[in-house]
Amino acid sequence: MKFVLQYQDQHNRWQRWGEKHNEGDAYRTAKARAKATGKRFRIVDGNGNLIDLVTS
């Protein structure tokens, strides 16, 4: 199963950041990127279903 990481840009649109195949790794990466950039990240599965929303 693939997990897609997306971030919310300054226009409130979700932009693709990357893809992971391990849910734990996807969450750790999203959490670290949200903290480093101050942006909201979300994790969605291959079908576009929301898995988690991460804020800094």
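Strand 1 and strand 2 form a hairpin, with five residues sitting between them. In the turn, Asn-12 takes a positive phi of about 65 degrees. All of this comes from a predicted model, so the values below are computed ones. The two strands of the hairpin run antiparallel and are held in register by six bridges. One of the pairings puts Tyr-7 opposite Gln-15 of strand 2.The loop of this hairpin also holds Asp-9, found between strand 1 and strand 2. What is the nearest side chain of opposite charge to the buried Asp-9? It is that of Arg-13, at 5.1 Å. A salt bridge calls for a side-chain nitrogen within 4 Å of a carboxyl oxygen, and Asp-9 has no salt bridge despite being buried. Its side chain does have polar company, though. A polar atom of the Asp-9 side chain lies 2.8 Å from the backbone nitrogen of Arg-13. Asp-9 also makes a side-chain to side-chain polar contact of 3.1 Å with Gln-15, the residue that stands opposite Tyr-7.

Zooming out, the hairpin belongs to an open sheet of four strands, ordered 2-1-3-4 with antiparallel pairing. The edges are taken by strand 2 (14-20) and strand 4 (50-54), each of which pairs on one side only. On average, neighbouring strands of the sheet are turned by 25 degrees against each other, direction ignored. Helix 1, spanning residues 23-37, packs on this sheet and touches strand 1 (3-8), strand 2, strand 3 and strand 4. The direction of helix 1 makes about 160 degrees with that of strand 3.

At the other end of the strand order, strand 3 (residues 41-45) pairs with strand 4 in the antiparallel sense, over four bridges. Here Ile-43 has Asp-52 of strand 4 as its bridge partner.

Turning to charged pairs, how many salt bridges does a search of the whole structure find? The search comes up with two. In one of them, Glu-19 pairs with Arg-16, and the closest N and O atoms are 2.6 Å apart. Glu-19 is partly exposed, at a relative accessible area of 34%, whereas Arg-16 is exposed, at 52%. The other salt bridge brings together the side chains of Lys-20 and Asp-25, at 3.4 Å from N to O. Lys-20 counts as partly exposed with 21% relative accessibility, and Asp-25 is likewise partly exposed, with a relative accessible area of 26%.

Thr-37 is worth a look too. This residue has its place in helix 1 and is partly exposed, with a relative accessible area of 34%. Which backbone atoms does the side chain of Thr-37 reach? One is the backbone oxygen of Arg-33, at 2.7 Å. Another is the backbone nitrogen of Lys-39, at 3.3 Å. Thr-37 can also be placed relative to Ser-56: 19 residues separate the two in sequence, and their C-alpha atoms are 8.2 Å apart in space.

Key. Residues numbered from 1 in each chain as written. Predicted model: local features only at pLDDT ≥ 70, side-chain atom pairs only at ≥ 80, totals over all residues. Heavy atoms only, no water. Pairing = 2+ DSSP bridges. Axes fitted to C-alpha atoms, helices over the stretch in contact; angles between N-to-C directions. Contact = heavy atoms within 4.5 Å. Buried < 20%, exposed > 50% of the residue type's maximum accessible area, 1.4 Å probe, protein only. Lys, Arg positive; Asp, Glu negative; His and termini not counted. Polar contact = N/O pair within 3.5 Å; in protein donor to acceptor, adjacent residues only side chain to side chain.
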